[in-house]
Amino acid sequence: GAISVAELATAVAAMLPVDEDAIERHLREALSLEGDPIPEEVLLERVLPHLDTTAADLAASSPRSAVPDLRRSSTRAEFLEWFRHWDSDGSGTLDARELSFALASLFFRA
């Protein structure tokens with residue numbers, strides 16, 4: 001099995017309060033991850049141990065902007081703020097990647 005650097009960055013950013021683009025750049029630079037996908041042995045032997053030792057520093061150095069709260073009683077304006085937060089490319093729509101990240105973040109916080 002293998003995972004791409006972008007997929008790994010999305011997963012890490014869903015679990016930690018870090019900026020997804022910043023974590024992807026960090027992984028590529030710090031671990032010299034140029035190609036995709038990351039082979040399973042590299043993930044297990046280099047990437048995961050690196051993330052384990054640097055997670056707190058990454059959260060401090062590359063924080064994600066605060067996620068707007070979304071509740072049943074949220075107003076239209078609050079919903080639009082939440083939507084714009086996750087519409088990372090500013091397209092006015094949530095593509096599958098953006099929606100997956102938003103939902104993973106919601107469920108992780110719950």
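# Exercises on a predicted model

S32 lies in the loop between α2 and β2. The model is predicted, and the exercises below start from this loop and move to the helices around α2.

## Exercise 1. The backbone at S32

Task: State what sign phi has at S32, and decide whether the residue is buried or exposed.

Solution.
- Step 1. Find the residue: S32 comes just after α2.
- Step 2. Read the backbone angle: phi of S32 is near 50 degrees, which is a positive value in a residue other than glycine.
- Step 3. Set this against the general pattern: most residues other than glycine have a negative phi.
- Step 4. Read the accessibility: the relative accessible area of S32 is 55%. The cut-off for exposed is over 50%, so S32 is exposed.

## Exercise 2. The neighbour in the loop

Task: Determine whether L31 is buried or exposed, and list which residues it touches beyond four places in sequence.

Solution.
- Step 1. Place the residue: L31 is found in the loop between α2 and β2, the latter being residues 38–39.
- Step 2. Apply the cut-off: buried means under 20% relative accessible area. L31 has 8%, so L31 is buried.
- Step 3. List the contacts: not counting residues up to four places away in sequence, L31 touches H26, R46, V47 and H50.
- Step 4. Take one of these partners, R46: its C-alpha atom is separated by 7.8 Å from that of L31, although the two residues are 15 apart along the chain.

## Exercise 3. Helix α1 against helix α2

Task: Classify the packing of α1 on α2 by angle, and describe which residues make the contact.

Solution.
- Step 1. Identify the helices: α1 covers residues 5–15 and α2 covers residues 20–30.
- Step 2. Take the geometry: the angle between them is about 130 degrees, and their axes are 8 Å apart.
- Step 3. Classify: that angle makes α1 oblique to α2.
- Step 4. Add the handedness: the crossing of α1 past α2 is right-handed.
- Step 5. Name the residues: α1 contributes V5, A6, L8, A9, T10, V12 and A13, and α2 contributes E20, I23, E24, L27 and R28.
- Step 6. Sort them by class: the contact of α1 with α2 has eight nonpolar residues, one polar and three charged.
- Step 7. Look at T10, which has its place in helix α1. T10 is buried, with a relative accessible area of 15%. Leaving aside neighbours within four places in sequence, T10 is in contact with E20, R97 and F101.

## Exercise 4. Helix α2 against helix α3

Task: Classify the packing of α2 on α3, and find how many charged residues the contact has.

Solution.
- Step 1. Take the geometry: α2 and α3 (residues 40–61) pack at about 130 degrees, with their axes 12 Å apart.
- Step 2. Classify: α2 and α3 are therefore oblique to each other. α2 passes α3 in a right-handed crossing.
- Step 3. Name the residues: I23, H26, L27 and A30 come from α2, and V47, H50, L51, T54 and L58 come from α3.
- Step 4. Sort them by class: the contact of α2 with α3 has six nonpolar and three polar residues, and no charged ones.
- Step 5. Turn to burial within α2: E20, A22, I23, E24 and L27 are buried.
- Step 6. Go to the start of α2: a side-chain oxygen of D19 reaches to within 3.3 Å of the backbone nitrogen of D21.

## Exercise 5. A residue of strand β2

Task: Decide whether I38 is buried or exposed, and say what it touches beyond four places in sequence.

Solution.
- Step 1. Place the residue: I38 lies in strand β2.
- Step 2. Judge the burial: with a relative accessible area of 1%, I38 is buried.
- Step 3. List the contacts: leaving out residues up to four places away in sequence, I38 touches A2, I3, S4, V5, L8, L33, L43 and V47.
- Step 4. Take a distance: the C-alpha atoms of I38 and E81 are separated by 35 Å, and the residues are 43 apart along the chain.

## Exercise 6. The whole chain

Task: State how many helices and strands the protein has, and in which order they run.

Solution.
- Step 1. Count: there are five helices and two strands.
- Step 2. Order: from the N terminus on, the elements run β-α-α-β-α-α-α.
- Step 3. Extent: the C-alpha atoms fill a box of roughly 45 × 25 × 20 Å along the principal axes.
- Step 4. Burial: 33% of the 110 residues count as buried.

Technical notes. Residues numbered from 1 in each chain as written. Predicted model: local features only at pLDDT ≥ 70, side-chain atom pairs only at ≥ 80, totals over all residues. Heavy atoms only, no water. Axes fitted to C-alpha atoms, helices over the stretch in contact; angles between N-to-C directions. Helix = DSSP H or I, 4+ residues; strand = E, 2+ residues; numbered from the N terminus. Parallel < 35°, antiparallel > 145°, perpendicular 65-115°, else oblique. Left-handed = near helix turned anticlockwise from the far one by under 90°. Contact = heavy atoms within 4.5 Å. Nonpolar A, V, L, I, M, F, W, Y, C, P; charged D, E, K, R; others polar. Buried < 20%, exposed > 50% of the residue type's maximum accessible area, 1.4 Å probe, protein only. Polar contact = N/O pair within 3.5 Å; in protein donor to acceptor, adjacent residues only side chain to side chain.
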